[in-house]
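Hi,

Here is the structure I promised to pass along. Have a look at it first, and my notes follow underneath.

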Amino acid sequence: MAYENLVADLIQGVGGKKNIESLVHCATRLRFKLFSHAKADAEKLKQHPDIIMVVESGGQFQVVIGNHVGDVYKEVMQHLGDGINRAAHSQGENKQNRTNLFNLFIDVISGIFTPLLGMMAASGILKGCLALAIAFSWLTTKDGTYQILFSISDALFYFFPVILGYTAGKKFGGNPFITMAIGGALVHPTMMSAFQASQQAGSEPLHFVGIPVTLINYSSSVIPVIIAAWVSCRLEKILNGWIHTSVRNFLTPLLCIVIVGSATFLVIGPVATTLSVALASVFEWIYQANSLIAGLVMGAVWQVLVIFGLHWGFVPLIINNFSVLGSDTMMPLLIPAVLGQAGAALGVLLKTRDARLKSLAGSACVAGMFGITEPAVYGVTLPRKRIFVFGCTGGALGGAIIGYFHVRIFSFGLPSILTYPQLIPENGDISTMWVAIIGSVVSVALAALLTIFFGLTENEPDNTEARSAPVKPEQGTTDMNAEEVIQSPASGRLCKLSEVGDETFASELMGSGMAVVPDSNQILSPVDGVIESVFKTNHAIGIKSIKGAEVLIHVGIDTVRLDGRFFDMKVNVGATVLAGDLLIEFDRQGILDAGYDLTTPVIVTNTEQYTSVAGATSGMVTAGEPMILAHAG
């Protein structure tokens, strides 16, 4: 298991197995539904080197992992096993979360649609590519190639009631195959033929036990099957309490599909469809009233909603627009909102001379262009609040442009540069696609320019030069340009973080610093300050200096696996220490014999508060000698 340690820390951090009611994941984050948020330790998880951020919103405990979240999710689920909720359900906890209807709504929607997000985006992109091929006359709708690829791209949306029946059934805690069968009945060829026949003049109405049935094309519909799934799951629990176990396995599903399936065609479907049309009409009315303002607002606030996970509330509205109207005007407004943050990261990339920040901004910019904004938001723009605002400003202006020209999208997708072909209608008119591209360019350019000229207030020096020369002043001396001098916590050989055999440290995601390979058995305090955190395995410690530097000392690589063996912590959280005080004693030879690398990163975790964090690149160092200089200007 590649993420065994992370998974163990995650489960402990959310309060243990019994505190987890459900778990889903989206593009970059794990979304836990917990029975008690009070049992979770968000601050501890935020300090984990493999966790980007923790957000509690919409009734969910959201842990931002990154693009490899799917792999982590699989290992978490393997660790939890099939009985994830049984013990916890019996405890009857989390009643406080259930009373908040908005949190419940967000949790339900994300739970139903999250498993489909990647596939919906893939199908939408393929539809967009086919629209582009038609617009440029590379294919025609009569070509076999087009027809096969179109059926592939459209299958998910055409059979949405079947697929949503499954995910909704799982979310509502029932048998997902019962709810999937009910969804399948809505798009069964018999009922689709009956609907088509009902559209002809003079056709006879369809009756069910003498009751006339309102026939509707439920293909691609969303709301009817979700409501039907909820009703079915409620009925299933009631029936399971009444029916004897000897016949429950077949009698409960039989009664559910007959009762709920019939009710769906007679009542639930027509009522839900009326609601769907009403929602689409209200949205269109608001949008048409002032599409420019709509674009301005959505472009500005979308990333704020994403941070708190509240954007899920708009997903069913977007998909409902596709079902009822055949297109959607909201999603095009979100493209510049996403690309604005990528533009802000681009501005940081072009302006900063800090090697770590430049590398982080570059990768975040690329990810943002393809719709994944968490690296840009959490790693680059949000920590520098002004830059995040500039990204939202660019999104607002780009959204206003797209809104003013009433740009529509014709298939679902994640807002990104890959979305443009999905803006091409069936007639092949590419004019609105160019409007969206222009709005996006404006968004990126404005965010980047504002960041370059007003985002980074200081003209940051190039750390490459600062790191190229060893820092070897006399012990106890300071650099007049440095706000903080951080001493080496141990004697040994210095090395750059980029040489450390752990990607989390080497990429400087946690902050800039240096590493030392100790040749003794002691770790000394590198600063005067207060102990802020002590890891339970005693292999790492966090200190906040009296000048404000937050320093993490991590003894060895992967030594968390030793579970405290060979380590003796000499201080507690809250203790005041002076530079040179003993913090940790460890059995150096025992750790080496156990097969672990003793390279010890020393990291300034609040690097963003300094214009540069520089250190020596090589050579030997004695404990107490300066190894890192944190410059304020």
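Asp-568 is partly exposed, with a relative accessible area of 34%. This is a predicted model, by the way, so read everything below with that in mind. The side chain of Asp-568 meets that of Lys-570 in a salt bridge, at 2.7 Å from N to O. Lys-570 is partly exposed too, at 39% relative accessible area. There is a further member to look for here: Asp-568, Lys-570 and Glu-585 are linked in a network of salt bridges.

In total, the count of salt bridges comes to five. As you know, side chains of opposite charge can pair when their charged atoms come close. Two more of these pairs are worth pulling up on your screen.

One of them joins Glu-43 to Lys-46, with the closest N and O atoms 3.4 Å apart. Both sit in helix α2 (residues 42-46), and because they are three residues apart there, about one helical turn separates them. Glu-43 is partly exposed at 49% relative accessibility, and Lys-46 is partly exposed with a relative accessible area of 35%.

The other is between Lys-127 and Asp-154, whose side chains meet at 2.6 Å, N to O. This pair links distant parts of the chain: Lys-127 belongs to helix α7 (residues 117-135) and Asp-154 to helix α8 (residues 144-158), 27 residues apart. What about their surroundings, buried or exposed? Lys-127 is buried, and Asp-154 is as well.

While you are on helix α7, have a look at Ser-123, which is found there. Ser-123 counts as buried, at 2% relative accessibility. Not counting residues up to four places away in sequence, Ser-123 touches Ser-153, Leu-156 and Phe-157.

Next, the annotated site. The UniProt record, an unreviewed entry, places the feature "active site" at Cys-26. Where does Cys-26 lie? You will find Cys-26 in the loop between β1 (20-25) and β2 (29-34). Despite the loop setting, Cys-26 is buried, with a relative accessible area of 10%. Which residues is Cys-26 in contact with, once its neighbours within four places in sequence are left aside? They are Arg-31, Val-69, Thr-114, Leu-117 and Trp-312.

Now for the sheet, which I'd suggest viewing strand by strand. Eight strands make up an open sheet with antiparallel pairing, and their order is β15-β11-β12-β13-β17-β9-β8-β19. The edges are β15 (576-577) and β19 (620-621); each has a single partner strand, so one side of each is left without a neighbour in the sheet.

Strand β17 (residues 600-604) is the one I spent some time on. Five of its five residues are buried, so β17 is largely enclosed by the rest of the structure. Thr-600, Val-602 and Val-604 point one way from β17, while Pro-601 and Ile-603 point the other way, and all are buried.

The partners of β17 in the sheet are easy to follow. Strand β9 (residues 512-518) pairs with β17 in the antiparallel sense over five bridges, and Val-516 stands opposite Thr-600 there. Strand β13 (residues 550-554) also pairs antiparallel with β17, over three bridges, with Val-551 standing opposite Val-604.

Last item, on the surface. Leu-292, Ile-293, Leu-296, Val-297, Val-301, Tyr-404 and Phe-405 form a nonpolar patch there, with about 590 Å² of accessible area together. Which helix gives the largest share of that patch? Five residues come from helix α14 (residues 291-307). Leu-292 is found in helix α14, and Leu-292 is partly exposed, with a relative accessible area of 34%.

That's the tour. Shout if anything looks odd on your side.

Cheers

How values were computed. Residues numbered from 1 in each chain as written. Predicted model: local features only at pLDDT ≥ 70, side-chain atom pairs only at ≥ 80, totals over all residues. Heavy atoms only, no water. UniProt positions renumbered as here; feature names shortened; annotations may be inferred. Helix = DSSP H or I, 4+ residues; strand = E, 2+ residues; numbered from the N terminus. Buried < 20%, exposed > 50% of the residue type's maximum accessible area, 1.4 Å probe, protein only. Contact = heavy atoms within 4.5 Å. Salt bridge = Lys/Arg side-chain N within 4 Å of Asp/Glu carboxyl O. Patch = residues over 30% accessible without salt bridge, like charges linked within 9 Å, V, L, I, M, F, W, Y side chains within 5 Å. Areas by Shrake-Rupley, 256 points an atom, 1.4 Å probe, with all protein chains shown as cover. Pairing = 2+ DSSP bridges.
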